[in-house]
Every structure is written in structure tokens, then in C-alpha cells.
Amino acid sequence: MATTHAEFLDALSAALPDGALETSRVVLRENSRVFGQLSGNPVESLGVVFASSVADVQHVLRLATEYKVPVISRGAGTGVSGGVHVLGDAIVLNLSRMNRILEIRPEDEVAVVEPGVINHQLNEAVAELGLMYAPDTASYKIPVNTVSD
């Protein structure tokens, strides 16, 4: 017996903390495009999961595998290269809430960060140590407070 997208969304909702899964049209539309795609009519995803932990990510990936639903990961949505490109029935895994810098080791120039950290945040954190994160991608100068969750 084939499962439906509604069953998949119900399973996600049951596995995740309250408020982690969004299916409102506004949220779907906002998370089915990137910063550089300001216009157009993107295809909307089935839902958006705002992951706050590794456990949330694991739940999404396990259920998406079980139900054979594609997963599109999304950071802060600042990319201009089409990283979030929804083509059909998929779930967007929004990682913007996982935005902590976990560790900075200046002695070997290593930073351990969660996937929602944007370059600007990391550069501000390491600047006081006389370091910088060299890749200057398009998101580098986007202030944190202009990126919505």
C-alpha cells in the first residue's frame, strides 16, 4: 500500500518538537527560494522543518528515507547560486536555527560550527583573534538580523 504525503507529514510532526514543522503557504514560499531569487513563482515544498538539533535532522532524514521523499537542505537562505531549488514534492530542511559556533581553535586555525552559521558571524568571532574565514561568498556581508528564520 502506497503512503501519502499527509502520512509523511504526520510522521514528521509526531517525531519533531512543536513548531518545528511548518506547512503554511507563506513559509513554504519563503523557504523554496534563495536570497538571490526575489521574484518568480517557485514550486513549493511539502513542508519546512526548522531543525534545532542533530536529533531533529536525524528524524527528518530517517523519515524521508522511509517515505522516499527528497530532502533539500537550506541554511540562512543567503545563497545566490540556487542551492534551494525545489522541483516538486520534497521537504526543506531549514538549518538556520542551528547557528552556534561550537569551538574556535586559533592554534590550528579550526572552527567547529553548526550549519546555520553564516560567514559574517564566523568572521566576527575570529577577528578578535587576528583570524578570518577566507572565502568571501555572496553571503559574507549579510547581517544576521536581516535573515529570517
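A salt bridge is a side-chain nitrogen of Lys or Arg within 4 Å of a carboxyl oxygen of Asp or Glu. Keep that rule at hand for the exercises below.

The model is predicted, so local features need pLDDT of at least 70 and side-chain atom pairs count only at pLDDT 80 or more, while totals for chains, interfaces and linings use all residues. Residues are numbered from 1 along each chain as its sequence is written, and side-chain values use heavy atoms, with hydrogens and water left out.

**Exercise 1. Salt bridges**

Find the salt bridges and say which residues form a network.

Step 1. Begin with the count: the rule gives 3 salt bridges.

Step 2. Look at Arg 105. Its side chain meets that of Glu 103 in a salt bridge of 3.5 Å, N to O. Arg 105 also forms a salt bridge with Asp 108, where the closest N and O atoms are 3.4 Å apart. Glu 103, Arg 105 and Asp 108 are thus linked in a network.

Step 3. Check accessibility. Buried means under 20% relative accessible area, exposed over 50%, and partly exposed in between (1.4 Å probe, protein chains only). Arg 105 is partly exposed at 26%, Glu 103 is partly exposed at 34%, and Asp 108 is partly exposed at 40%.

Step 4. Turn to Glu 114, which forms a salt bridge with Arg 100, the closest N and O atoms being 3.0 Å apart. This pair links distant parts of the chain, 14 residues apart: Glu 114 is in the loop between strand E6 (110-113) and helix H4 (119-127), and Arg 100 is in the loop between E4 and strand E5 (101-105). Glu 114 is buried, with a relative accessible area of 11%.

A word on the labels: helices (H or I, at least four residues) and strands (E, at least two) are DSSP runs, numbered from the N terminus.

**Exercise 2. The sheet**

Work out the order of the strands in the open sheet and which strands stand at its edges.

Step 1. Two strands pair if DSSP finds at least two bridges between them. The 4 strands form the order E1-E2-E4-E3, with mixed pairing.

Step 2. Strand E1 (21-22) and strand E3 (71-74) are at the edges; each has a single partner strand, so one side of each is left without a neighbour in the sheet.

Step 3. Follow E2 (residues 47-50). E2 runs parallel to E4, joined by 4 bridges; Gly 47 stands opposite Ile 91, and Val 48 has Val 92 as its bridge partner. With E1, E2 pairs in the antiparallel sense over 2 bridges, and Leu 21 stands opposite Val 49.

Step 4. Now the faces of E2: Gly 47 and Val 49 are on one side, Val 48 and Phe 50 on the other, and all are buried.

**Exercise 3. The nonpolar core**

Identify which elements give two or more residues to the largest nonpolar core.

Step 1. A nonpolar core is a set of buried Ala, Val, Leu, Ile, Met, Phe, Trp, Tyr and Cys residues joined through side-chain atoms within 4.5 Å. The largest has 20 residues; among those with the most contacts inside it are Phe 8, Val 60 and Leu 93.

Step 2. The elements are helix H1 (5-15), helix H3 (54-67) and strand E4 (91-94). H3 provides the largest share, 5 residues.

Step 3. Apart from this core lies another, of 8 residues, including Val 27 and Val 86.
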